[in-house]
Amino acid sequence: MKTTPASNSNRRAFLTRGVIAAAGIAAAGLTHPATALAVTPGLKFNDIPGTGDVKVLNYALALEALEADLYAQALMRLTNGGMNALGKRIGGLGLNPNEPDLFYLREFGVVERQHRDFLKTALGSASLLRSAPFNRARFDFAMESRSRKQVIDLVYLAEKTGVGAYLGAIKFFQTRTYLQTAGAIQGTEARHTAVIADVLRDLFNEPLNVAPLSNQNNGIDQPIAPDTVLASVSPFIIF
């Protein structure tokens with residue numbers, strides 16, 4: 001499929017191809033710089049505020065807030081630059097706005113903000129983003145030093161992690177109230193992952209599959225435990 005705008009506690013790296021592949025990610029230059037003042041030790045599910053369904057929704061909100069900011073910083077890097085919430089200047093690579101990666105970053109970035117805002121509204125005063133220390137959280141992806149491919153690689157890994165994260169969190173719901181919503185968001189994350197994988201294949205000949213193959217857990221996306229996900233994303237979270 002050719003993608004065009006018209007078609008449609010350790011510092012670990014993100015997950016790729018459904019398993020931990022920290023060594024491979026490090027080789028690709030995607031690990032977070034040692035100079036970052038990231039939250040340490042890495043967050044665990046017990047650190048997420050709330051109990052029952054509220055805890056699971058707050059966990060999802062933390063990931064959606066990170067993804068929304070990742071898309072915003074990725075667009076800065078690939079276009080005309082900007083400044084993140086930490087006051088760090090991100091130089092722009094000045095890509096043509098009609099490039100397929102920019103098209104999908106713009107579109108999916110809007111969706112991730114919608115996911116974030118939906119969860120904030122659903123949680124109301126119980127929102128993680130209103131709870132200390134999360135209300136001071138900012139995100140640093142070292143975007144100013146990433147190449148075009150490294151930017152898209154990171155977005156792909158974040159989306160793929162999100163797919164497994166929702167699957168891994170479902171069992172912690174205590175009621176059925178939000179199961180349908182969680183399943184719907186997970187499906188959207190999976191389609192985002194497929195599209196970004198296709199963009200990487202088209203632009204950089206990256207040999208990525210757009211969905212699990214029959215020899216990969218029988219073609220089924222694997223759940224990722226919340227503590228594993230949080231260990232992966234903690235290096236990007238600054239309190």
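**Exercise 1.** Are α4 and α5 roughly parallel or roughly antiparallel to each other?

*Solution.* Keep in mind that this is a predicted model. Start with the geometry: the axes of α4 and α5 come within 8 Å and cross at roughly 155°. Next, recall the cut-off: angles over 145 degrees count as roughly antiparallel. So α4 and α5 are roughly antiparallel to each other. As for handedness, α4 passes α5 in a left-handed crossing.

Now look at who meets whom. On the α4 side you'll find, among others, Ile152, Val155, Tyr156 and Val163, and across from them α5 brings residues including Ile185, Thr193, Ile196 and Leu200. Sort the residues of this contact by type and you get 14 nonpolar, three polar and six charged.

**Exercise 2.** Work out how α3 passes α4, and what kinds of residue make the contact.

*Solution.* First, the axes: those of α3 and α4 come within 13 Å and cross at roughly 35°. The crossing of α3 with α4 is left-handed. Then pick out the residues: α3 puts in Asp101, Leu105, Glu112 and Leu119, while α4 answers with Arg148, Ile152, Val155, Glu159 and Tyr166. Finally, split them up: five are nonpolar, none is polar and four are charged.

**Exercise 3.** Find which helix gives the most to the largest nonpolar core.

*Solution.* Begin with the chain as a whole: it has six helices and four strands, and 48% of its 239 residues count as buried. The largest nonpolar core holds 58 residues, and Tyr59, Leu105, Phe141, Met143, Ile196 and Ile237 touch the most other members. Five helices, α2 (52-78), α3 (100-123), α4 (148-169), α5 (179-204) and α6 (226-233), each supply at least two residues of this core. The answer is α2, with 15 residues. As a general point, nonpolar side chains in soluble globular proteins tend to be buried together.

**Exercise 4.** Track down two cis peptide bonds and say where their prolines sit.

*Solution.* Go to Thr40 and Pro41: the bond between them is cis, with omega near -5°. Pro41 belongs to the loop between α1 (22-27) and α2. Then try Ala132 to Pro133, another cis bond with omega near -5°. Pro133 is in the loop between α3 and β3 (138-139).

**Exercise 5.** Is Ala142 buried or exposed, and what about Asn205?

*Solution.* Ala142, in the loop between β3 and α4, has a positive phi near 50°. Its relative accessible area is 4%, so Ala142 is buried. Asn205, in the loop between α5 and α6, has a positive phi too, about 55°. With 67% relative accessibility, Asn205 counts as exposed.

Definitions and conventions: Residues numbered from 1 in each chain as written. Predicted model: local features only at pLDDT ≥ 70, side-chain atom pairs only at ≥ 80, totals over all residues. Heavy atoms only, no water. Core = buried A, V, L, I, M, F, W, Y, C linked by side-chain atoms within 4.5 Å. Buried < 20%, exposed > 50% of the residue type's maximum accessible area, 1.4 Å probe, protein only. Axes fitted to C-alpha atoms, helices over the stretch in contact; angles between N-to-C directions. Parallel < 35°, antiparallel > 145°, perpendicular 65-115°, else oblique. Left-handed = near helix turned anticlockwise from the far one by under 90°. Contact = heavy atoms within 4.5 Å. Nonpolar A, V, L, I, M, F, W, Y, C, P; charged D, E, K, R; others polar.
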